[in-house]
Amino acid sequence: MSAYRKRARDIAHMMAVKGLRCVAAHLSECSGPIEADHAGRRPLGRKADDDTCIPLCQLHHRQRTDFSGVFRSWNQKMMREFLEAAIKSTRRLLAPST
């Protein structure tokens, strides 16, 4: 069994993320359904934890992973800052109300 399949999963969180607005919608027009992008830091060869998912439309998800489209001029530092802010924002939006 792969390391990815052994890790703890949070399907409910990922489904909730898919119900949010694309975090890159302010950068350009969105296209495609919202996907739960695993945006957190991860060890080599592993996927980030499910609780680091952010909502990205299909277009922005692809562009983010390829550093293309609206992300083509971004460097690693800019991308990491964007992703960390998006993870915090997504967690805040999905936090239980008190």
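**An aromatic cluster and the helix before it**

Phe 71, Trp 74 and Phe 82 come together in one aromatic cluster, and this cluster is a useful place from which to read the model, which is a predicted one. The count of aromatic pairs comes to three. In one of these pairs, Phe 71 and Trp 74 meet edge-to-face, with 4.8 Å from centre to centre and 85° between the planes; both of these residues are buried. Trp 74 also pairs edge-to-face with Phe 82, at 5.3 Å centre to centre and with 80° between the planes, and here again Trp 74 and Phe 82 are buried.

Trp 74, which takes part in both of the pairs just described, is found in the loop between α3 and α4. Its relative accessibility is 17%, and because buried means under 20%, Trp 74 counts as buried. When its neighbours within four places in sequence are left aside, Trp 74 is in contact with Leu 27, Phe 67, Met 79 and Phe 82. The side chain of Trp 74 additionally reaches the backbone oxygen of Val 70, at 3.4 Å. With respect to the helix that precedes the loop, Trp 74 and Arg 64 are ten residues apart in sequence, and their C-alpha atoms are 9.6 Å apart in space.

To place these residues, consider the chain as a whole. The protein chain has four helices and two strands, and from the N terminus on its elements run α-α-β-β-α-α. Of the 98 residues in the chain, 37% are buried, while the chain exposes about 6400 Å², 53% of which is supplied by carbon and sulfur atoms. If one takes the contacts between residues at least 6 apart in sequence, 61% of them join residues at least 24 apart.

Helix α3 spans residues 58-66 and includes His 60. Within α3, the residues His 60, His 61, Gln 63 and Arg 64 are buried, and the buried residues of this helix pack against β1 (34-38), β2 (53-57) and α4. The helix is followed by Phe 67, which has a positive phi, near 50°; Phe 67 is also among the residues that Trp 74 contacts.

Which residues does His 60 contact beyond its neighbours within four places in sequence? They are Cys 22, Ala 24, Ala 25, Ser 28, Glu 29, Cys 30, Val 70 and Phe 71, so that this list includes Phe 71, itself a member of the aromatic cluster. With Ser 28, the side chain of His 60 makes a polar contact, side chain to side chain, at 2.8 Å. His 60 counts as buried because its relative accessibility is 0%.

The last feature to consider is the largest pocket, which holds about 160 Å³ of space. Its lining is made by His 38, Ala 39, Gly 40, Arg 41, Arg 42, Arg 64, Phe 67, Gln 76, Met 79, Arg 80 and Leu 83. Helix α4 (residues 76-94) supplies the largest share of that lining, with four residues. Several residues already met return here: Arg 64, one of the buried residues of α3, lines the pocket, as do Phe 67 and Met 79, both of which are in contact with Trp 74.

How values were computed:
Residues numbered from 1 in each chain as written. Predicted model: local features only at pLDDT ≥ 70, side-chain atom pairs only at ≥ 80, totals over all residues. Heavy atoms only, no water. Buried < 20%, exposed > 50% of the residue type's maximum accessible area, 1.4 Å probe, protein only. Polar contact = N/O pair within 3.5 Å; in protein donor to acceptor, adjacent residues only side chain to side chain. Contact = heavy atoms within 4.5 Å. Areas by Shrake-Rupley, 256 points an atom, 1.4 Å probe, with all protein chains shown as cover. Phe/Tyr/Trp six-rings, centres within 6.5 Å; stacked < 30°, edge-to-face > 60°. 1 Å grid on protein atoms, 1.4 Å probe; cavity = no way out; pocket = protein on both sides within 12 Å on 5 of 7 lines; lining within 4 Å. Points joined across faces, edges and corners; volume = space filled by probe spheres on them.
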